[in-house]
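Biologist: I'm new to this one, so please walk me through it.

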Amino acid sequence: MVSEISNCSPYPVKTIVILVQENRSFDHMLGWFKSLNPEINGVTGSESNPISTSDPNSSRLFFKDDAEYVDPDPGHSIQAIYEQVFGKPWISDDPDPPQEPTMNGFVQNVEATQKGMAEAVMRGFRPEAVPVYKELALEFAICDRWFAAVPASTQPNRLFVHSATAHGATSNDTTKLIQGFPQRTIFESLEESGFTFGIYYQYPPSTLFFRNLRKLKYLDNFHQFDLNFKKHCEEGNLPNYVVVEQRYFDLLWIPANDDHPSHDVSEGQKFVKEVYEALRASPQWNEMLLVIAYDEHGGFYDHVPTPTTGVPSPDDIVGPNPYYFKFDRLGVRVPTFFISPWIEPGTVIHGPSGPYPTSEFEHSSIPATVKTIFNLKEFLTKRDAWAGTFECVLTRKTPRTDCPVTLPEPRKMRHTEAKETAKLSEFQQELVQMAAVLNGDYKKKIYPHKLVENITVAEAVKYVDSAYKKFCDQCQKAKEKGKHESEIVELGQLPDKSKSKSFLHKMFSCIVCDN
C-alpha cells in the first residue's frame, strides 16, 4: 500500500510505475513519430549508413518506415555497439574511442556478423503500426533524448535502472550473479525513508540480480503480475514505487511481451495497453506517473550521437578485460514515455536543464527523479547525482479528466508460431543462471555454461519457474522458523565429484522436467 508523502512535497505524484522493455532504439520505434509532432527529434528518411565506413564510394542504405516483425536479433554487445557508434571495429590495440560518434556503423556491423540483416536494422515503425504508442504520444509525453546508461547489453543497463551503476559489469557476470550484485538500490532508499515498493513479475524477476532483494524481509514485495497487479490497482493498493516485469520467454500458449527480437512487438503493445488501462481505472490514477523506457537499443539504428564526454563513472569501478570500460560514456538513444494526468497532451521533453552542463536523461534519471519527488536522503552514485530528472514534465495545476480510458488494439505482426525449441538469448541465459543461483544448482558442475548450452526456451521456462518456486518456498519456511529478516536463503549442496558425466547428463534432464 502507498505511504503518504510529506505535505511539504511540491509534487502531486505518490506512485511511480516503471516498465522497461527490451532492445529497441528510439528511431526504430518512434523515429517516424515526427510525422505526428514535428517537435520530436525523429527521422525524415534522409538518414543513412554506408555498407562500408572505410570506403568513401560505398553504397548507402537509407532508413525506411516499413518495420515489421524482426528475426533474428541484431548484435548489441559492447564491441558491436562500439562499431555502430564510431564506425570502426573495436580492437585491443586502439581501445579508446574517437571523440565524436558518427552513428554510421550499424549496417557495417550487422552485415559482418548477420548478413542480410541490414535492412531490418535500418527500418522504423510507422505510428499506425504501433497504435498504443501513437495514442500515448498524442495524449502524454515522449522524451526524445533518453539514452541507455551504458553502451552494452541488457543486464548492465537494467542494473542502472534501480541502482545507477552496473558495479563494473559490461555483460553477463556469472560470478557476481552467484553472490548477487552488492550495490545499494533505490529500493533500500525508499524503505529507509518510509516508502513502499512492489515488483510485479511474470517470470522470476530480474531484480533478483541484486543481492539485497533476496533478503527474507523483501519476500512479500514480490507479486505475480497476473494474480495481483489488476487487483492492487482496483483496490488502490499499489505501493509508492512499482516495477512491472515482462514475460521474457516466448511460448506457444503464452507469448513473450518484452519486445526483444524475435518476439512480436504487437505483444509488447498489448502488455503496455494492459498496464495502462489497469492504472487508468485505479482510484490512485490522479497520483500516478508511469514511465515506459527500453533497456538498450538492441542493435537498431539511431541517428542522434551518443554522449561521450562529461559522463561521470558511477563509482570508479572499471569493467573487466579486454575492454576495461570506465563507464564514462552512454549507450544509444532509446524510446521513453511519461504518462500521468498531470502531463499536457502531446508533450515532448528534450534534454534536461541540469543539474550539470553535461547532464543527460538516462536510466539513472529514474532513481534521481524518485529521490527528488519523494525527497529521499541521498543519491546512490555519482551517476544519478549527475543525471537529469524529469519531474519537470508534471506541469499541470490540476489533473486531467480527459485521459483515455482504453488504448487501441494492436495488430499481430508475427504470422509464425513461437519457437519453443529455440536456443536462448543472452538475457534468457542470464535468467536461467540466476534461477540456478536461487535453487542452489550453481554449486553443480553444469553451472554456468553447460546449464544453458542446449536448453530450449520451453525447458528454460519450466526450470526458472520451478527454481523460483523452490526459493520462495524455502524463504517462507525460513521466516516461519524465525530466521532474521536480513538473512538470505542459500540452497544447494556441493557436488559429488565421483558422479560420472552420464549421471550429470541425467541430472540436467531432471532439472528441466516438470518436477
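Biologist: Which residue in β7 stands opposite I199?

Modeller: First, this is a predicted model: local features need pLDDT of at least 70, side-chain atom pairs count only at pLDDT 80 or more, and totals for chains, interfaces and linings use all residues. Residues are numbered from 1 along each chain as its sequence is written, and side-chain values use heavy atoms, leaving out hydrogens and water. Strand β6 (residues 197–201) pairs with β7 in the parallel sense over 3 bridges (strands are DSSP E runs of at least two residues, helices H or I runs of at least four, numbered from the N terminus; pairing takes at least two DSSP bridges). Across from I199, in β7, you'll find F222.

Biologist: Which strands sit at the edges of that sheet?

Modeller: It's an open sheet of 8 strands with mixed pairing, in the order β7-β6-β8-β1-β9-β10-β4-β11. The edge strands each pair on one side only, and they are β7 (222–224) and β11 (347–349).

Biologist: What angle does helix α6 make with β1?

Modeller: Helix α6 (residues 154–163) packs on the sheet, touching β1 (15–21) and β8 (241–244), where contact means heavy atoms within 4.5 Å. Angles run from 0 to 180 degrees between N-to-C directions, with axes fitted to C-alpha atoms, for helices over the stretch in contact. For α6 and β1 that gives about 175°.

Biologist: Is N109 buried or exposed?

Modeller: N109 belongs to helix α3 (residues 106–113), and its side chain makes a polar contact of 3.2 Å with that of Q84 (N or O atoms within 3.5 Å, one able to donate a hydrogen and the other to accept it; sequence neighbours count only through side-chain atoms). Buried means under 20% relative accessible area, exposed over 50%, partly exposed in between, with a 1.4 Å probe and protein chains only. At 5%, N109 is buried.

Biologist: How do α2 and α3 lie to each other, then?

Modeller: Residues A80, E83 and Q84 of α2 meet F106, Q108 and N109 of α3. The axes of α2 (residues 78–86) and α3 come within 7 Å and cross at roughly 140°. Under 35 degrees is roughly parallel, over 145 roughly antiparallel, 65 to 115 roughly perpendicular, and the rest oblique. So α2 and α3 are oblique.

Biologist: What is phi of F327 near?

Modeller: F327 lies in the loop between β9 and β10, and with 2% relative accessible area it's buried. Most residues other than glycine have a negative phi. F327 has a positive one, near 55°.
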